[in-house]
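Good morning, colleagues. Please have the sequence and the model open while I take you through the charged pairs, the interior and the interface.

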Protein chains: 2
Amino acid sequence: MVKKKQTAKDLNAEEMILAAARKVFMTKGMAGARMQDIADEAGINKALLHYYFKDKEKLFETIFLQEAKKFFPKINSIFNSDDPLFEKFERFATEYIDEMQQNPYLPWFVINEINRDPDQFMYSIWGSNNLPNPSKFLAQIEKEVKKGTIKRISPMHLLMNLLGMTIFPFVAKPMIVRNMQIDELQFRAAMEQRKKEIPKFIIDAILK
Amino acid sequence: MVKKKQTAKDLNAEEMILAAARKVFMTKGMAGARMQDIADEAGINKALLHYYFKDKEKLFETIFLQEAKKFFPKINSIFNSDDPLFEKFERFATEYIDEMQQNPYLPWFVINEINRDPDQFMYSIWGSNNLPNPSKFLAQIEKEVKKGTIKRISPMHLLMNLLGMTIFPFVAKPMIVRNMQIDELQFRAAMEQRKKEIPKFIIDAILK
DNA sequence: ACTTTTGTTAACCATTTGGTTAAACTATAT
DNA sequence: ATATAGTTTAACCAAATGGTTAACAAAAGT
């Protein structure tokens with residue numbers, strides 16, 4: 001009795017709402033998003049939003065969780081793998097740039113809303129367990145330093161460098177695009193290049 | 001008759017409004033800021049906001065312009081100077097980190113609002129002249145590459161690396177602080193270290 | 001067939017929010 | 001002292017916005 005039957009033309013309304021909410025929240029943020037905008041975008045009545053999702057807060061949380069799960073767990077799977085250090089640089093750059101190419105607002109959105117209420121989102125949404133955890137990665141750097149294969153560098157700074165070089169261009173995309181006078185296509189191409197540029201740059205910087 | 005006389009306790013009301021507006025806008029953004037919050041923060045009546053500044057949009061624009069002018073023109077003065085390339089890396093890191101230490105929300109705020117309406121803010125507020133212009137810096141990199149003093153690297157990627165490593169930790173500060181389990185003081189200390197770490201990292205990466 | 005459950009809407013409601021008004025207060029000039 | 005111009009406030013207003021209601025439509029269960 002919970003089975004769903006849809007008319008041919010319109011797909012599942014709940015999914016259409018989610019897609020619309022995602023689009024609106026991701027571009028305008030929680031505070032800037034209007035429930036009416038989401039309803040319009042989904043092509044349905046505003047009341048239906050509240051039928052499927054209690055209120056704006058709940059709808060937002062659903063979207064945020066959905067998106068944050070794309071953004072963070074990937075860090076763990078890369079950083080905690082058994083891959084050699086240098087491969088991790090490349091995997092991180094490649095996989096994150098791929099994700100952000102499909103979803104350019106993602107880092108802005110996630111950072112933005114964490115900024116709004118750091119404790120709520122970092123802790124209360126995920127359990128404290130599946131938070132991004134770079135400790136194995138940091139230890140691995142330490143080990144390589146001690147082995148003498150790479151120069152002495154603080155693991156934390158190296159991590160910040162990797163994150164910054166990979167993620168920043170997407171966060172600042174509107175600024176960069178205007179300033180460097182490049183178009184959408186050139187931006188995409190530049191980001192593709194960075195999949196190789198970033199690991200190369202890092203390795204050049206730290207290899208003895 | 002336009003002279004101002006203030007009672008001892010309260011300073012110029014206009015300035016108090018600006019300070020309050022700055023604080024509220026910088027932490028909540030345009031959409032999240034409430035005029036009442038600003039009035040409360042300034043300790044004055046809401047109507048006074050409209051007495052000094054026509055409306056929310058105008059007040060916001062005043063603040064944004066004020067802040068953006070701290071953020072951008074510095075780029076030009078560094079990038080267009082006659083300093084040698086390696087010094088520019090250090091000057092950029094040092095001066096920007098100093099600015100952001102005093103004003104940690106600045107990059108988030110600026111990027112955020114440019115994101116909201118790229119054309120309005122990047123073009124219509126400044127004339128097209130005093131926009132950040134890294135062309136001399138990019139040419140300088142090109143020249144060093146051709147001289148053979150540094151490795152072959154795309155100037156654009158190098159610039160993005162510098163910007164990302166310098167600015168990103170501040171944009172993502174709430175995330176970083178929670179994730180690396182560091183407190184405010186340790187964050188500050190880490191950023192101080194980065195003034196040297198970043199130029200060192202870059203030079204290690206590109207010096208032949 | 002008809003009852004019940006689920007999905008959807010138009011109209012409405014309450015609160016929030018940006019903005020206005022008119023009156024009061026303060027300092028200065030005459 | 002009194003008029004004047006500039007400053008500040010309490011009270012108010014209209015629009016925007018999140019959310020509710022009641023009626024209706026479509027499916028599913030019997």
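A:Arg22, A:Glu67 and A:Lys70 are joined in a network of salt bridges, a salt bridge being a side-chain nitrogen of Lys or Arg within 4 Å of a carboxyl oxygen of Asp or Glu. The model is a predicted one, in which local features need pLDDT of at least 70 and side-chain atom pairs count only at pLDDT 80 or more, while totals for chains, interfaces and linings use all residues. Residues are numbered from 1 along each chain as its sequence is written, chains are lettered from A and ligands numbered from 1 in the order in which they are written, and side-chain values use heavy atoms, with hydrogens and water left out.

Let me stay with one member of that network. A:Glu67 belongs to helix H4 (residues 56-71) of chain A; helices here are DSSP runs of H or I with at least four residues, strands are runs of E with at least two, and both are numbered from the N terminus. Is A:Glu67 buried or exposed? Its relative accessibility is 0%, so A:Glu67 counts as buried; buried means under 20% relative accessible area, exposed over 50%, and partly exposed in between, with a 1.4 Å probe and protein chains only. Setting aside residues up to four places away in sequence, A:Glu67 touches A:Arg22, A:Met26, A:Asn103, A:Leu106 and A:Phe109, where contact means heavy atoms within 4.5 Å.

Two of those partners, A:Leu106 and A:Phe109, are among the buried residues of H7(A). Why is helix H7 of chain A described as largely enclosed by the rest of the structure? The reason is that 10 of its 11 residues, in the stretch 106-116, are buried. Among them are A:Trp108, A:Asn112 and A:Glu113.

A:Phe109 also appears in the surroundings of A:Phe25. Beyond its neighbours within four places in sequence, A:Phe25 is in contact with A:Met30, A:Ala33, A:Ile38, A:Lys56, A:Leu59, A:Phe60, A:Ile63 and A:Phe109. The largest nonpolar core comprises 136 residues, and A:Phe25, A:Phe201, B:Phe25 and B:Phe201 have the most contacts inside it. Such a core is a set of buried Ala, Val, Leu, Ile, Met, Phe, Trp, Tyr and Cys residues joined through side-chain atoms within 4.5 Å.

A second charged residue deserves attention. A:Lys88, in helix H6 (residues 85-102) of chain A, has 0% relative accessibility and therefore counts as buried. Residues up to four places away in sequence apart, A:Lys88 touches A:Ile78, A:Phe79, A:Asn80, A:Ser81, A:Asp83, A:Phe137 and A:Gln140. A:Phe137 is 49 residues from A:Lys88 along the chain, and their C-alpha atoms are separated by 8.7 Å.

I return to the salt bridges, of which the whole structure has 34 over all chains. A:Glu99 and A:Lys74 form one of them, with their closest N and O atoms 3.2 Å apart. A:Glu99 lies in helix H6 and A:Lys74 in helix H5 (residues 73-79) of chain A, so this pair ties together parts 25 residues apart in sequence. A:Glu99 is buried, with a relative accessible area of 13%, whereas A:Lys74 is partly exposed, at 23%.

Other pairs sit within one helix. A:Lys195 and A:Glu192 form a salt bridge at 2.8 Å between the closest N and O atoms; being three residues apart in helix H12 (residues 184-206) of chain A, they are separated by about one helical turn. In chain B, B:Asp204 pairs with B:Lys200 at 3.1 Å, and these two are four residues apart in helix H12 of chain B.

Finally, the interface. How many residues does each chain give to the contact? Chain B gives 47 residues and chain A gives 47 residues. Together they bury about 4,500 Å², 70% of it on carbon and sulfur atoms; buried area is the accessible area (1.4 Å probe) that two parts lose on being put together, summed over both. B:Met160, B:Phe168 and B:Phe201 supply 15% of the area that chain B buries against chain A, more than any other three residues.

Two salt bridges are found across this interface. In one salt bridge, the side chains of B:Lys151 and A:Asp204 meet at 3.6 Å, N to O. The elements giving two or more residues to the side of chain B that touches chain A include helix H1 (13-32), helix H10 (155-171) and helix H12 (184-206) of chain B. H10(B) gives the most, with 13 residues.
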